[in-house]
Structure formats: structure tokens, C-alpha cells
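Biologist: Can you put the model up? I have some short questions about it.

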2 protein chains.
Amino acid sequence: MHRERIRNKELQSKVTSALEASRHIKNGMTVGMSGFTRAGEAKAVPLALAARAKEEPLKITLITGASLGNDLDKTMAEAHLLSRRMPFQVDPALRKLINQGEVMFVDQHLSETVELLRSHQIGPVDVAVVEAVAITEHGGIVPTTSVGNSASFAILAEKVIVEINLEQSDMLEGIHDIYIPKRRPHREPIPVVNVESRVGIPYIDIPPEKIVAIVVTTKLDSSSTVTPPDDDTRAIASHLSEFLQNEVSQGRLTNSLQPLQAGIGSIANAVMHGLIDSPFHDLTMYSEVLQDSTFDLFDAGKLVFASGSSITLSQERYKSVFPRLSEYKSRLILRPQEVSNHPEIIRRLGLIAINTALEVDIYGNINSTHVAGTHMMNGIGGSGDFARNAYLSVFVTKSIAKGGAISSVVPFVSHVDHTEHDVDIIVTEAGLADLRGLAPRERARRIIDHCAHASYRDELNDYFERAVARGGHTPHIIEEALSWHTRLRENGSMHR
Amino acid sequence: MHRERIRNKELQSKVTSALEASRHIKNGMTVGMSGFTRAGEAKAVPLALAARAKEEPLKITLITGASLGNDLDKTMAEAHLLSRRMPFQVDPALRKLINQGEVMFVDQHLSETVELLRSHQIGPVDVAVVEAVAITEHGGIVPTTSVGNSASFAILAEKVIVEINLEQSDMLEGIHDIYIPKRRPHREPIPVVNVESRVGIPYIDIPPEKIVAIVVTTKLDSSSTVTPPDDDTRAIASHLSEFLQNEVSQGRLTNSLQPLQAGIGSIANAVMHGLIDSPFHDLTMYSEVLQDSTFDLFDAGKLVFASGSSITLSQERYKSVFPRLSEYKSRLILRPQEVSNHPEIIRRLGLIAINTALEVDIYGNINSTHVAGTHMMNGIGGSGDFARNAYLSVFVTKSIAKGGAISSVVPFVSHVDHTEHDVDIIVTEAGLADLRGLAPRERARRIIDHCAHASYRDELNDYFERAVARGGHTPHIIEEALSWHTRLRENGSMHR
């Protein structure tokens with residue numbers, strides 16, 4: 001069967017085992033692997049590398065699109081294969097090594113990694129490992145459920161290993177739109193002018209002789225770990241929907257809104273799901289990951305087109321979507337993450353960007369990455385690409401965590417990923433704060449009043465009022481600013 | 001003489017006094033005024049408004065391009081005319097009212113203000129007041145030494161007041177390139193593909209009947225307050241030049257580098273000036289403000305073209321440049337700040353962006369705006385537009401301030417304007433830290449070793465080592481993280 005998928009006859013002789021293929025990767029190399037939000041990662045070669053790392057000295061720098069599925073980051077971390085990892089991960093075992101300082105993790109905006117590789121500011125990539133549904137007659141590589149950074153990895157690497165996954169639907173062929181910006185100084189505008197723009201070609205175009213090995217696999221993507229909407233996430237969705245309806249009634253938006261981006265995760269997925277029961281229609285998405293909610297909105301007749309860099313679904317949704325992929329295909333594009341997340345296009349299209357915060361402060365600064373200011377969770381991902389350039393930058397979070405021991409609204413965030421300049425709207429289950437055009441003191445009033453949990457509101461007001469008495473554009477009691485985090489560390493709760 | 005400058009005959013009847021013109025502006029209105037980095041601001045109407053505010057209830061929201069010259073922000077602030085001010089200022093009297101909470105200051109990325117106005121997320125602008133060298137036969141407004149937000153103010157405002165400044169050189173006509181992005185969803189790529197691209201028209205095109213009054217003025221722009229290079233700024237320039245030469249020798253840059261952006265101020269100006277004695281040649285600038293150093297580089301034969309949004313010179317340079325403007329004109333473009341600072345173009349052209357930090361932390365986060373975390377200095381200006389999208393994002397600062405009482409390198413910045421994700425290079429007089437591709441622990445090592453002042457290095461190392469012992473991707477001793485600022489507040493020095 002794999003011969004039908006490898007349509008370039010000369011390349012058929014390159015089929016080999018994962019272990020043999022992995023031998024092209026040597027100690028100290030930089031490897032670029034496919035995979036974006038647990039979709040379309042190379043599945044066999046990483047395991048072969050992890051096995052080898054237990055037998056021989058083998059450390060690599062691993063660059064991917066974003067997170068990998070099938071516990072691959074775990075397996076590679078536990079084999080101590082990884083010396084350096086970028087630009088994103090979500091794995092607890094890897095995270096532990098990152099926080100211990102064993103693995104050097106470089107937390108990058110997802111649109112920027114290949115820009116840095118292309119200009120030789122990081123890298124070079126020695127070997128690319130890319131999952132594909134097929135190789136075309138001319139040697140073009142057809143990706144699977146994600147594009148991520150795969151195309152640029154293959155173009156920039158010296159050698160390319162392709163994993164042909166026979167279980168990935170061959171209906172995926174044609175869904176991808178691979179556009180690679182020209183090198184400077186001859187770079188041109190990226191011609192994407194709406195979510196439906198196709199500006200590239202449907203496969204990764206490299207000289208076939210760069211493909212040094214082909215591995216045949218059959219393992220499916222991991223399903224997403226998104227949890228179903230609960231009362232809190234439904235409340236968040238409802239506040240945002242109400243706000244957007246008011247924007248429509250004020251004439252600032254139409255009922256088709258602007259193209260939507262939603263970060264990965266349960267809250268953003270729930271917010272998107274909530275649009276099913278809204279007056280909006282003919283919606284479009286220009287996002288990075290297409291989750292269950294994308295297909296829920298298609299099925300509800302609410303969504304007309306979705307552009308992303310990957311499709312990551314729950315097990316249930318995977319089973320219902322992939323057999324019917326031909327029905328959705330004309331309304332879907334998967335792009336390189338450089339294009340799905342490109343500042344140029346995000347600003348041009350005017351996205352409504354919905355991303356998740358770990359904590360927010362009373363002035364609207366956002367921590368998306370660091371637990372207690374020190375311990376990496378997943379990484380900034382694409383949230384910065386979108387928040388910094390969107391028409392409307394929305395951050396969502398539940399107002400408390402750990403049964404109330406943690407307030408997600410604090411006087412001063414313990415790490416800043418998104419500054420007050422890039423945050424328009426904050427939503428918790430308690431309410432929504434519209435921060436547009438406001439000075440810091442006004443923002444604090446809105447955030448405390450609308451977003452903080454009732455159990456923390458008095459303490460936030462107490463801090464804010466005493467800070468204002470000291471003065472300043474952004475009033476703080478600097479010696480107390482991080483005291484909420486200190487209390488959490490020492491007493492297990494942010495409460496006094 | 002002013003009749004020669006007002007070439008549209010019907011508009012000549014609109015000439016009136018500043019006071020009469022100012023009557024179009026009423027209590028509670030939002031006013032958009034020209035002016036960017038002390039260049040090309042409306043000079044008479046603001047004074048008339050300030051005078052009226054002493055006699056009648058008059059408060060306005062004032063939006064400009066950036067800072068105003070001729071002490072206008074001071075005069076308006078002291079008359080308590082301003083209730084709200086955006087997106088930038090540099091005036092001590094206004095700053096005082098901002099920090100006291102009397103004036104609500106909205107600190108915005110300079111590229112974004114008109115985007116927000118255009119989509120009605122802020123505003124609307126009731127009256128625009130724009131300084132011009134001329135009005136064309138068809139009623140087009142020719143700006144003076146800055147474009148800033150003037151074009152969009154005039155287009156979006158209900159009424160327009162023009163100040164014809166007879167002392168501004170009529171040779172400025174033709175230097176401007178006014179391009180206004182189309183409204184979404186029909187927005188197209190901005191066709192700027194190199195620093196020399198002219199993509200618009202040389203005047204602001206509005207229906208002439210929107211011009212309700214014309215005031216004739218003769219006051220010159222204020223001269224810039226940039227101080228000459230000193231030993232420290234020369235050392236900063238030298239470190240950066242050496243780094244760039246190494247980039248050339250590594251093949252990552254050519255001797256023409258990439259288009260340069262330099263923030264306003266003495267350090268960035270000194271760094272640019274330092275390129276005169278460098279091996280680089282055929283340099284280009286794609287910046288916001290063109291300072292003395294731009295013309296020094298022209299005169300030294302180092303610079304081939306400069307694009308900006310304003311020309312702001314010292315008194316001496318003003319006298320030498322403006323009489324010879326025709327010699328420079330073919331190598332200059334002034335653009336709307338939305339275009340000079342546009343993420344799309346900054347990323348496309350691949351700028352080397354050089355901006356000034358107030359303080360940096362050991363992980364590479366930057367505070368550009370807040371003294372001691374609370375008191376606004378000037379505002380973020382365009383630094384975010386550039387740093388977030390540049391090919392290379394450089395921040396410069398002296399390593400100490402106030403005679404050593406303040407270290408510009410601290411464990412944790414007291415306010416974040418630019419996150420670690422957007423900072424590639426930090427330079428002080430002590431040295432340069434290249435942070436590209438590094439994890440936080442590695443960044444800390446470089447910043448402490450290369451950028452910190454010797455007198456603070458031991459204390460920084462002590463903090464960092466104890467933090468690392470606690471663990472985390474970005475190690476901190478959270479209860480001590482802001483203690484340097486607390487000590488400064490309480491003891492007058494960051495030293496223990």
C-alpha cells in the first residue's frame with residue numbers, strides 16, 4: 001500500500017526502518033520535526049532516537065512546529081535525548097527537565113522560528129523529519145494533519161526523512177497551502193487578503209534527492225485533551241458573545257464579526273463552541289489550530305471557512321470528521337505556521353484573537369506561561385503573534401484556580417508575556433472588562449470590578465487604593481506587588 | 001505671502017485668527033493634532049485653547065502623532081485643558097499631571113492609534129488641527145516636518161483646521177508619501193517593498209469643504225534636545241558596531257546591513273552617529289524620527305536613503321540641513337506613522353531596530369516607560385512596533401544611572417514593555433549580550449557578564465545563583481524580585 005503513497009518511483013527504494021533512518025541523525029545535531037498541537041508529528045523516528053539515546057551518547061536540539069502527541073516529548077525527555085528544545089511543548093516530563101535546567105527551552109513566537117532559521121540566527125537544521133500522507137510524482141511532500149514548520153525545515157535542512165503514515169487520510173491531499181516568503185531584500189507582500197486566499201502550492205517542494213530515507217508508519221495522532229464546556233467556561237463564552245453583540249449594535253462589527261482566532265485549550269474551545277447559540281453567522285476563522293469547535297460551527301451552519309496550521313480533535317470528533325473530510329475540504333486550508341500566525345496577515349485581516357491567560361494583573365498585563373513566575377507551563381505559542389496584531393485582543397481565564405487558593409487577577413503578574421498595550425478585553429466567568437482607550441487607573445477599576453473573583457475583590461481594592469494614594473501613572477506598592485505570589489508559596493494561598 | 005501657500009482660491013477666505021479657529025473646538029471634544037517628536041505640530045491653536053481653558057470650562061481629549069514641541073504640552077497641561085492624552089508625550093509638566101492621575105494617559109503603540117480610530121474603537125475625532133506648508137489647488141494639505149497621524153486625523157475628523165506655517169520650508173512639498181490603508185474587509189497589502197517605495201500621494205487628500213479655518217503662523221519647530229555622544233554612548237556604539245561587523249563576517253549580514261531604525265534620544269542617536277566610523281556602507285533607514293545622525297550619515301556618504309515620519313534636528317543641524325533640503329530631498333520620504341511603524345513592513349524589510357531601555361532584567365525583559373515601576377516617563381512610542389517585528393531587536397542603555405544608585409540591569413524589571421521574546425541584543429557601555437536562541441538561564445549569564453555595571457555584578461550573581469538553586473525555567477526569588485526597587489525607594493540606592 002505504501003507504494004501508492006510514494007508516487008515518485010525512484011524514492012520507493014528509500015523506504016527503510018525508523019532505526020536505520022534515524023542513523024542520519026548524529027550526536028549534537030539540530031533536528032526539525034513536523035508536529036503542531038499534537039497533530040501530524042513524525043511518529044517513528046523520535047522513538048528510534050530515544051531508544052538510541054539509552055545506548056549511545058546522543059543529544060539533539062529539537063525544533064518542532066509546536067507540541068507533539070503520542071507522548072513523544074515525554075519519551076525523548078526521559079531518554080535524555082534533548083539538550084535544547086524550541087519553540088513550544090506541553091509535556092509534563094519534558095517540562096520537569098526544563099524547569100530543572102537540564103533542557104534549555106527557547107520559548108518563541110510561533111511565527112518567528114523559521115524566520116530565525118532562514119536568516120541563520122539560529123540553527124542550522126541538519127535533518128528534517130516530516131510526516132506525510134504521500135510523496136507526489138515529482139517528489140513533493142504532502143503533509144498530514146499539520147503544516148507547522150515542516151516546509152521550511154525540509155527546505156533548510158541538509159537531509160530529509162519522510163514518515164509516510166498510511167493511517168492518515170489521503171483525502172488530506174489538496175488541503176494544504178504551502179507559501180514560503182522570499183528571502184530579503186526581495187521579499188514581497190504575502191498575498192493572503194482573506195481567510196480563503198490560496199497563495200502557495202499543496203505540497204512541500206524540495207529536490208527529491210534531499211530525501212534520504214522514508215519510514216512507513218500507521219500510528220494515529222493523539223486526540224486532543226480539551227475538556228467539555230463547564231459552567232465557568234460557558235459563562236465566559238456568554239460574556240464575550242454579549243460583548244460582541246453590543247459591538248454589532250454599535251456598528252463597529254457586522255454579524256459576521258471579523259475572522260476569529262482561538263488559542264488551544266478548553267476555555268478558548270468553549271468560547272468558540274458558544275458561538276453556535278449566537279446571532280452571528282457567516283463566521284470565518286484564521287487561526288493556528290482547528291479544534292472540535294471549528295467543526296461544531298461548520299455543522300451548525302455558522303462557519304463558512306477555516307484557515308489554520310493543524311487539525312487537532314477529540315477522539316469522538318476525529319471519528320466523525322475524518323471519514324467526512326471531503327465534505328469539509330473546500331472550506332479548509334492548512335498553512336505553514338509562519339503564514340497562519342504572520343503579523344502582516346493578522347493585522348491586514350483584522351482578527352478577533354481569543355487566547356488564554358494563566359494570570360492577569362489589575363493593569364491588564366498577561367502571564368501566559370510561568371507558574372508562580374518561575375516554572376514554565378507550555379510556552380507563549382502563537383498568542384503573542386495574534387494579540388500583538390489583532391483587531392481585538394481578548395484574553396480569557398477563570399478568575400480563580402486551586403479551589404480559590406489562587407486568584408487569576410493579581411496586583412502584578414509574576415511574568416509578563418503580553419503587555420497592557422496588547423490587551424483589549426479580559427473575560428472571566430465573573431464578567432468582561434473592556435480596556436480599549438483607557439488609562440491604567442481606569443483599567444484597574446474595570447478589571448477588579450468585572451473580572452476578579454468576589455472572594456479577592458476586597459483585597460485587590462485595598463491594594464489598588466493604597467497604591468493610588470502613593471501616586472503614579474500605574475500605581476503600585478512596589479514592596480507588596482509580588483506579595484500575593486509570596487503568600488501562595490509560603491502559605492499555600494494568595495489570601496491574607 | 002500666505003496666499004501663495006493657499007493655492008486653492010476658495011479656501012483663502014477661511015483665514016482667521018487662532019482664537020476664532022479654536023472656537024470650533026468645544027468642551028468635551030476629541031481633537032487630533034499634528035506633531036511627531038517635536039516636529040510639525042500645530043503651534044497657534046493649542047495656545048488659543050490653553051488661553052480659553054483659563055476663562056471657560058474647556059477640557060479635551062488630545063491625540064497627536066507623538067510628542068509636541070514649543071512647550072505646548074506644558075502650556076496645555078498647566079491650563080488644565082487636557083482630560084485625556086494619547087499616544088505619547090515627553091513633557092515634565094504634563095507627566096506630573098499624568099502621574100497624579102489628573103490626565104488619563106493612554107500609552108499606545110504609535111502604529112495603532114489610527115487603526116483604533118478608523119474602526120471606531122476609540123474616538124471619534126471631532127476636529128483635526130494640522131500644520132501645513134501649503135494647500136494645493138485642489139485643497140490637498142501638504143504637511144511640514146512630520147506626517148505622524150495627521151492624514152488620518154484630517155480624513156476621520158468632522159472639521160479640519162489648517163495652520164499654514166510660513167517659516168516651514170516650502171521645499172518640504174513632495175517629500176511626503178501619504179498612503180492610507182483601505183478599510184477592512186477590502187484591505188490590501190501595503191505595497192512598500194523597500195525603504196524608497198513611494199506608494200501614496202504627496203499631500204493629505206480630503207474634501208476642501210471640511211477645512212473650516214486656516215491660521216497663519218511663523219513659529220519654528222523646537223530643536224531636539226539630544227545631547228552629543230559621550231564616552232558611554234560611544235562605547236555602546238562601538239560594541240554594537242563590532243557585533244554587526246561579526247555578523248557580516250559570519251555571512252548573516254552584508255556591509256549594507258539591513259534597514260536601520262533608531263529610537264529617539266541621545267543614546268540611539270550616538271549609536272547611529274557611530275556608524276560614520278565603520279566599514280558599513282550604502283546604509284538605509286526605515287525609522288520613525290530622522291535625527292541629526294541621519295544627516296551626519298548622509299554627509300559622510302554612508303547612507304543612501306532614509307524613510308521616517310518626522311525630521312527632528314538640533315538647532316545647529318536645523319540651520320545646516322534646511323537651507324540645503326533640495327540636496328537631500330531625493331533621498332528622503334516622510335510617511336504616516338502607521339506606515340513608518342507598520343508591523344507588516346517592519347517584518348518584510350527585516351529591520352535592525354535600536355531602541356532605548358530604561359531598565360532591563362537578567363532575563364531580557366525591558367522597561368521603557370515607568371520610573372520605579374509606577375511613574376510614566378514618556379511612553380512606549382514606536383519601540384514596540386519595531387522590537388516586535390524586527391529582524392534584529394536591539395536595546396541600548398547605560399548600565400547605571402544617578403551616579404550608580406540605580407542599576408539599569410535588575411533581577412526583575414518593575415514594568416514590562418517588551419518581553420524576553422522580543423529582545424535579541426542588549427548593549428550597555430560595559431558590553432553586549434547576544435540573546436538569540438538562548439534559554440532564560442543562559443540569557444541571565446550573558447546579561448550579567450556583559451551588560452551589568454561591575455559594581456552590581458556580584459549582587460546580580462548572588463541573586464541569580466540563589467534563584468537557580470530554587471529551580472524553574474526562569475528562576476526567581478519571588479519575594480526578593482523587586483527588592484532592588486524597594487531599596488532604591490527606601491534608601492536611595494539599589495545597593496544592599
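Modeller: What follows covers the chain copies, one sheet and some annotated sites.

Modeller: This is a predicted model, where local features need pLDDT of at least 70, side-chain atom pairs count only at pLDDT 80 or more, and totals for chains, interfaces and linings use all residues. Residues are numbered from 1 along each chain as its sequence is written, chains are lettered from A and ligands numbered from 1 in the order written, and side-chain values use heavy atoms, with hydrogens and water left out.

Biologist: How is chain A laid on chain B?

Modeller: By a turn of 180° and a shift of 0.0 Å along the axis, with an RMSD of 0.0 Å; the superposition is least squares on the C-alpha atoms of residues with pLDDT of at least 70 in both copies. The two copies are thus related as by a two-fold rotation axis.

Biologist: Which C-alpha of chain A is nearest the axis?

Modeller: That of Glu344(A), 2.1 Å from the axis.

Biologist: And which surface do the copies meet through?

Modeller: The same one, because 100% of the interface residues of chain A are also interface residues in chain B. Contact here means heavy atoms within 4.5 Å.

Biologist: Changing topic. What is the strand order in the open sheet of chain A?

Modeller: The order is 17-16-23, 3 strands with mixed pairing. Strands (E, at least two residues) and helices (H or I, at least four) are DSSP runs numbered from the N terminus, and two strands pair if DSSP finds at least two bridges between them.

Biologist: Which are the edge strands?

Modeller: Strand 17 (366–367) and strand 23 (409–410) of chain A, each pairing on one side only. Strand 16 (residues 359–361) pairs with strand 23 in the parallel sense over 2 bridges, and Val360(A) has Val409(A) as its bridge partner in strand 23.

Biologist: Where does UniProt put the "binding site" feature?

Modeller: The unreviewed entry places it at Asn378(A), Gly382(A) and Lys402(A). They do not all gather at one spot, because the farthest two C-alpha atoms are 26.1 Å apart; in sequence they span 25 residues. UniProt positions use the numbering here, feature names are shortened, and annotations may be inferred rather than shown by experiment.

Biologist: Is Gly382(A) buried or exposed?

Modeller: Gly382(A) is buried (under 20% relative accessible area, 1.4 Å probe, protein chains only), at 1%. Gly382(A) lies in the loop between strand 19 and helix 15 of chain A and touches Leu110(A), Glu288(A) and Asn341(A), leaving out residues up to four places away in sequence.

Biologist: And Asn378(A)?

Modeller: Asn378(A) is partly exposed, at 22%, which falls between the buried cut-off and exposed, over 50%. Asn378(A) is in the loop between strand 19 (375–376) and helix 15 (383–387).
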